[in-house]
Structures are given as C-alpha cells and as structure tokens.
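Work through the exercises below with the sequence and the model at hand. Each task is followed by a solution in steps.

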Amino acid sequence: LYRCYNTFYNPANMFICVAGNVEADKVLGQIEASLKPVEKVEVERGRFDEPDEVVKRKAEQRLSVSQPLFCYGFKEPCPTPEKSLADKVYTNLLLELAVGEASPLYNRLLAEGLINKNFGAEYFTGHGYAAPIFQGESRDPDKVAAAIAAEFRRLKEEGIDPAAFETVRRKLYGRSVMRFNGVESVAMGLVEAAMQGNRLFDELEIYRMAKPEDLTGRLDIFDEEKSALSVILPVEA
C-alpha cells in the first residue's frame, strides 16, 4: 500500500494509489507497462489580487422553489494559495461548535422553525479561496444569518467553553477515525493527503492534540463586514 503510494507521489504529475490484498511488485509492473512516455508539461497557476471586501452583502433571485433557500458565508483572506490542514481542522471544529446538531443555536433555530434538518455548514476552501458557509432552507434567511453572526460575536467575547469544545473534538476525531473502516476510503485518504502535501494520519493527530485556544485565532475569519447572504426566493404567484 505505502510502497505504491510513495513510488508515484509527485505533486507535479499524478497520484496512483492501490489499497487492499495486492502484490505490490505485480501492481507496479502492470502500471509501469501501461504508462506511455510523454513530453513533460509545466503547469503554471496565475495569481490574482483578490480584494478583502465582498462585492455585495446580499443577493436575491426568484426560482421555482417551495420555500426560500439561503447560503451565508464569510470571505476569508488567502495570503497563501492553500490553507493549512490545521486551519481546516480548527475551522471545522468551530463550525461544529457553533452550529452543529448538538449546539444550542442549532436547536433554538430548529425549535423556532427557522431551519430544518437540511441545514448544514462547511469550510469551502481550495487554491486561492476560503469561506465558511452555512446553507439550508428557511422562511426567514435574514434572521438565521443574524443569529449565526451573533453566535460568533458571542464566542469572540466569551471565549470557547472547554466542555463543549471537548464534545465536538471527540465527535470529529471519531468521524475521522471512521474513514479507516474501509479499504476504498483509506485509498482515497492517501490520495487526498498526497494532493495536499500531508501524511495519512496528520488530520487525526491535529484533532487529538487540539485545544480550545487553538480555535481562538480562527474566530477572526468570521467578520460580519466580510459576510454575504445569497437567497433564492419562490416565484411570486
């Protein structure tokens, strides 16, 4: 497994990962026999000066939907092309802490009928971009967005509760461990780690060692002045 991975790991070319009950020498021989020599190609990425501010704080559009759909996000500066694995882990912990299914805010919004089970959050990031995003269905997207912004203001002012942090840390650590339950997911994990320049167990180690204070610095990315709300409204009758 690792021999295949290490042999073909090259960020300038491609990744080939084989996981399971295989004979590495035969697999490598088969792959090498199938590869055709080609002229080396250099890929150069462009750099763009992206402003910190958002273009529009709110956008609305009407489509054929039964109830309003919303997407609320915070634009994060990207001084480096890629966010570190630690930044991704700490941000995911913050999202789970603030709006996860066990959080007070999630359950309050659910009880008030402002969100449903389709509500969720993700850290949307890639080469040159990053944004924590919250999305779902709501009869009042503005109120949901205001509640999310208020929750992050509260976390900045009051700090992160150690007990709540430990709950979400254990949950996401366990979710990360579950990826090793299947051969296919292990193979995908190896490819993902290679593409990001990490090792297979790095994420687990960050979750294991994370402390509440590690998340404090990430709270700065939740800046209301750099947030935007996009809403899809039902077509008027």
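**Exercise 1. Ala 228**

Task: Determine whether Ala 228 is buried, partly exposed or exposed, and find its contacts.

Solution. The model is a predicted one. Begin with the place of the residue: Ala 228 belongs to strand S5. Its relative accessibility is 23%. Buried would require under 20% and exposed over 50%, so Ala 228 counts as partly exposed. Next, set aside the neighbours within four places in sequence; Ala 228 then contacts Lys 56, Arg 57, Cys 71, Tyr 72 and Gly 73. As a distance check, take Val 43, which is 185 residues away along the chain: its C-alpha atom and that of Ala 228 are 33 Å apart.

**Exercise 2. Ser 227**

Task: Place Ser 227 in the secondary structure and list the polar partners of its side chain.

Solution. Ser 227 sits in strand S5. With a relative accessible area of 2%, Ser 227 is buried. Two polar partners can be named. The side chain of Tyr 72 makes a polar contact of 3.3 Å with that of Ser 227. The other partner is a backbone atom: the oxygen of Glu 224 is 2.7 Å from a polar atom of the Ser 227 side chain. Beyond four places in sequence, the residues in contact with Ser 227 are Val 54, Arg 57, Tyr 72, Gly 73 and Phe 74.

**Exercise 3. Aromatic pairs**

Task: Count the aromatic pairs, then classify the pair Phe 74 and Phe 222 and the pair Phe 180 and Phe 201.

Solution. The count is 11 aromatic pairs. For Phe 74 and Phe 222, the ring centres are 5.3 Å apart and the planes make an angle of 70°. An angle over 60 degrees counts as edge-to-face, and this pair is edge-to-face. Phe 74 is in strand S2 (residues 69-74), while Phe 222 is in the loop between helix H9 (212-216) and strand S5 (227-234), so the pair ties together parts 148 residues apart in sequence. Both rings belong to buried residues: Phe 74 has 1% relative accessibility and Phe 222 has 2%.

For Phe 180 and Phe 201, the centres are 5.2 Å apart with 20° between the planes, and the pair is stacked. Phe 180 lies in the loop between helix H6 (162-178) and helix H7 (183-196), and Phe 201 in the loop between H7 and helix H8 (202-209), so this pair joins parts 21 residues apart in sequence. Phe 180 is partly exposed at 27% relative accessible area, and Phe 201 is partly exposed at 45%.

A last step looks at linked pairs: Tyr 72, Phe 74, Phe 134, Phe 152 and Phe 222 are connected by ring pairs into a cluster.

**Exercise 4. Helices H7 and H2**

Task: Check the span of H7 and find which residues of H7 and H2 are buried.

Solution. H7 has 14 residues, and at 1.5 Å a residue its expected span is 20 Å; the end C-alpha atoms are 20 Å apart, which agrees. In H7, Val 186, Ala 187, Gly 189, Leu 190, Ala 193 and Ala 194 are buried. They occupy an arc of only 160° around the axis, which puts them on the same side of H7. Glu 184, Met 188 and Met 195 are exposed on the other side of H7. Just after the helix, Gly 197 has a positive phi of about 75°.

Helix H2 (residues 24-34) has Val 27, Leu 28 and Ile 31 as its buried residues. Viewed down the axis of H2, they fall within an arc of 95°, so they line one face of the helix. The face turned away from them carries Asp 25, Lys 26, Gln 30 and Ala 33, which are exposed.

**Exercise 5. Cysteines**

Task: How many disulfides does the model contain?

Solution. The count is 0 disulfides. Consider Cys 71: the closest cysteine sulfur, in Cys 78, is 16 Å from its own, too far for a bond. A disulfide needs sulfur atoms within 2.5 Å. Cys 71 is partly exposed, at 26% relative accessibility.

**Exercise 6. The whole chain**

Task: Describe the chain by its elements and its extent.

Solution. The chain has 9 helices and 5 strands. Read from the N terminus, their order is α-α-β-β-α-α-β-β-α-α-α-α-α-β. The C-alpha trace spans about 60 × 40 × 35 Å along its principal axes. Of the 237 residues, 35% are buried. Among contacts between residues at least 6 apart in sequence, 76% join residues at least 24 apart.

Methods
Residues are numbered from 1 along each chain as its sequence is written. This is a predicted model: local features need pLDDT of at least 70, side-chain atom pairs count only at pLDDT 80 or more; totals for chains, interfaces and linings use all residues. Side-chain values use heavy atoms; hydrogens and water are left out. Rings of Phe, Tyr and Trp (its six-membered ring) pair if their centres lie within 6.5 Å; planes under 30 degrees apart count as stacked, over 60 as edge-to-face and the rest as tilted. Helices (H or I, at least four residues) and strands (E, at least two) are DSSP runs, numbered from the N terminus. Buried means under 20% relative accessible area, exposed over 50%, partly exposed in between (1.4 Å probe, protein chains only). A polar contact is a pair of N or O atoms within 3.5 Å; within protein, one must be able to donate a hydrogen and the other to accept it, and residues adjacent in sequence count only if both atoms are side-chain atoms. Contact means heavy atoms within 4.5 Å. The expected span of a helix is 1.5 Å times one less than its number of residues. The arc is that of the directions from the helix axis to the C-beta atoms.
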